[in-house]
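Grab your viewer and try the two exercises below. Have a go at each one before reading the solution.

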Amino acid sequence: EVKEAEARKCKKQKAEGTPAHESEGKTESQPLESITMQNTSTDEDGVSMYSSKPEVKEAEAPNCKKQKAEVTPASEIEGKTESQPLPSKEIRASKRKSPKSRTQKRPSSNLQNTEAPDSIAKRKRQRKVEQNLRIMVTGIELTANYRSKISGIGGELLESIEEAETATHIICSNGKAQMRRTPKLLIGICNTSNLVTTKWLVDSALKRVALPVHNYLVLNDRAFEKKHKFRMRTALANSDTFRQDETTLLGGRDVFVCKDVPENKAPPIEEFKLIVQAAGGKWLSRSPKEKCIIITSDPPTKNQLRVVRTGTKHFTTSWLFNCILSQELHGLNE
C-alpha cells in the first residue's frame, strides 16, 4: 500500500510538471515542526495533513504577534523600575532649590556695595558724629541705667564741670520735674544748643544710634521759663547765632566778681570763673582800674558797694546768670 501511494504521488507530480528531485529537495527543506507532525499523523494519502499544517501555523502567527506586543520585555520593565525614582529626585531637587529661592528674597550683604554714594557719605558723617558724641547730664540724677545707655550709643560721658564746654549734648530734664539752673547748664548752653530730655537718650538707646534732637529739646518747661523770665527756644536760637558768627555773649569784656560773691547764693569761685569764660568774658582777679562789668551778690553787700563807688556800674549774679541762660545782654548799654 505504501508503494502504491508513492507511485500515485509520482504520477501526480509528473502531471503537474514538478521533477521528483525538486520535490525531494522541498521535503528536505521543510521546517522540522511540519515534518514531525507529518510523521506522527499521516493519512492514507499522506498529503492532506502536510498541506493543512502550515495554515494552522499562519493562523497562530498573528496571535503570537499580539501576545508579543502585549507582553512587555523584562529589560523594559527593569528600565521602568529604574526610572521610577526620577520624580522623587526632581522633588528633592526642587526642595533643595526652595531655600535658595527664600535666600534670594532676603537682602544680601552684597547690596551694600550697590549703595548710593550719597548714603555712604551720610553714614560716614553719622559715624563721625558718634565718635564725637560727648554727653553731660545735669539737674537730674545720673543713674547706672543712663550710664549704660550712653555707652550703648557710643557716647562719652562727661562728669566734671571742666569738661562741660566740650559737651555736644546736655541732658538736663526728665520731662517731669522742673529744670534747674546749674553751672553745667550755663556753661553748656554757651557751647551747644542740644539741650535735651532723657527721652532722647532712651529712644537713641533703642535705635543704637544718637537720634536728631529736634523732637527732644527742652522747650516745654513753662515754669522754669517763667521763673527766670526767658524763652528757651529764643535762647537756643541766639546760641546758634553766636557760634555761626564766631562771637560770644560777653564778647571779651572784662568781668570782675567781688570778693564775697562766690558761695553766697552763687557757685564756688572756680566754677564761677568757668561760667564767665564760657560766655566769652575775661576774668579779672584784681579790682578794676578801668570800666568793666562788676558782679555783686543779690542783694549787694556794703563792702561790694564800696567798689562800685569808683563810677563803674555793677550787676548782680542773678543778672549775669539770666543773661547767660537767655543768651542776651540786658541793660548793659544803659
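**Exercise 1.** How many bridges join strand 5 to strand 6, and do the two run parallel or antiparallel? Then work out the sheet around them.

*Solution.* Keep in mind that this is a predicted model.

- Start with the pair itself: strand 5 (residues 254-257) is joined to strand 6 by 3 bridges, and the two run parallel.
- For a concrete contact, look at Val255, whose bridge partner in strand 6 is Trp283.
- Now zoom out: the open sheet has 4 strands, ordered 6-5-7-8, with parallel pairing.
- Strand 6 (282-284) and strand 8 (314-316) each have a single partner strand, so they sit at the edges with one side lacking a neighbour in the sheet.
- From one strand to the next, the twist averages 35°.
- Next come the helices: helix 13 (residues 269-278) packs on the sheet and touches strands 5, 6 and 7 (293-296), its direction making about 145° with that of strand 6.
- Helix 15 (residues 317-326) packs on the sheet too, touching strand 7 and strand 8, at about 75° to the direction of strand 8.

**Exercise 2.** Find which residues of helix 8 are buried, and what they pack against.

*Solution.*

- With buried meaning under 20% relative accessible area, helix 8 (residues 144-152) gives you Tyr146, Lys149 and Ile150.
- Why do they share a side of helix 8? Their arc around the axis is only 100°, so they end up on the same side.
- That buried set packs against strand 1 (134-137), strand 2 (156-158) and helix 10 (198-207).
- Flip to the face turned away from the buried side, and you find the exposed residues Ala144, Ser148 and Ser151.
- Finally, check the backbone after helix 8: Gly154 follows, with a positive phi near 80°.

Methods. Residues numbered from 1 in each chain as written. Predicted model: local features only at pLDDT ≥ 70, side-chain atom pairs only at ≥ 80, totals over all residues. Heavy atoms only, no water. Pairing = 2+ DSSP bridges. Axes fitted to C-alpha atoms, helices over the stretch in contact; angles between N-to-C directions. Contact = heavy atoms within 4.5 Å. Buried < 20%, exposed > 50% of the residue type's maximum accessible area, 1.4 Å probe, protein only. Arc of directions from axis to C-beta.
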